[in-house]
Amino acid sequence: MPPRPLMTVDLTPTARRDLLGLQEPLRKAALKALRIIRSLDQVGLQAHKGLNFEPLSGLVEPNTGKQLWSFRFGKGARAICTLEGGSLVVVATFEPDHSKAYR
């Protein structure tokens, strides 16, 4: 059985802006989370306890209709993303406030 591909990550322009706007401790945490994601395959990504990578039930990206997912990158901080082709995570936004992430 061939090995599963490792995840790749792409950031939307909004996610890049959000990342640069985070305070340093959260920016470092977000970059660490992205490094972890790149080191995993899809099974490992969904099983990783620290990231808590999970689908957002009933929420889809408005322009494409793709399922939205989230992952944790700091205490109370979440990133919203899509999972494409099984090995590409496209991050749409980084949100330091857990409650605001789902709006």
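In this predicted model, β3 and β4 pair in the antiparallel sense over six bridges, and one of the facing positions places Phe71 opposite Ala79 of β4. The hairpin that these two strands make has two residues between them, and Gly76 there adopts a positive phi near 80 degrees. On its other pairing, β3 runs antiparallel to β2, to which three bridges join it, with Trp69 of β3 as the bridge partner of Pro55. That second hairpin has six residues between its strands, and Gly65 in the turn has a positive phi of about 75 degrees.

The two hairpins can be set side by side:

| Hairpin | Residues between strands | Glycine with positive phi |
|---|---|---|
| β2 and β3 | six residues | Gly65, about 75 degrees |
| β3 and β4 | two residues | Gly76, near 80 degrees |

Both hairpins belong to an open sheet of five strands, ordered β1-β5-β4-β3-β2, in which the pairing is mixed. Because β1 and β2 (54–60) each have a single partner strand, they stand at the edges, and one side of each is left without a neighbour in the sheet. Averaged over the sheet and with direction ignored, neighbouring strands are turned by 40 degrees against each other.

Two helices lie against these strands. α1 lies across β1 and β5, and runs at about 50 degrees to β5. α2 packs on the sheet as well, where it touches β1, β3, β4 and β5, and its direction makes about 120 degrees with that of β3. For β3 itself, six of the eight residues are buried, so this strand is largely enclosed by the rest of the structure.

The largest nonpolar core has 24 residues, and those with the most contacts inside it are Phe71, Phe73, Val89, Val91 and Phe94. At least two residues of this core come from each of β1 (8–11), α1 (13–21), α2 (24–38), β3 (67–74), β4 (77–84) and β5 (88–95). In soluble globular proteins, nonpolar side chains tend to be buried together.

Phe73 gives a view of these surroundings at the level of single residues. Neighbours within four places in sequence being left aside, Phe73 is in contact with Leu22, Leu26, Ala29, Ala30 and Ala33, among others. The remaining contacts of Phe73, counted in the same way, are Arg78, Ala79, Phe94 and Glu95. Ala79 is also the residue that Phe71 stands opposite in β4, while Phe94 is, like Phe73, among the residues with the most contacts inside the core.

Methods: Residues numbered from 1 in each chain as written. Predicted model: local features only at pLDDT ≥ 70, side-chain atom pairs only at ≥ 80, totals over all residues. Heavy atoms only, no water. Core = buried A, V, L, I, M, F, W, Y, C linked by side-chain atoms within 4.5 Å. Buried < 20%, exposed > 50% of the residue type's maximum accessible area, 1.4 Å probe, protein only. Helix = DSSP H or I, 4+ residues; strand = E, 2+ residues; numbered from the N terminus. Contact = heavy atoms within 4.5 Å. Pairing = 2+ DSSP bridges. Axes fitted to C-alpha atoms, helices over the stretch in contact; angles between N-to-C directions.
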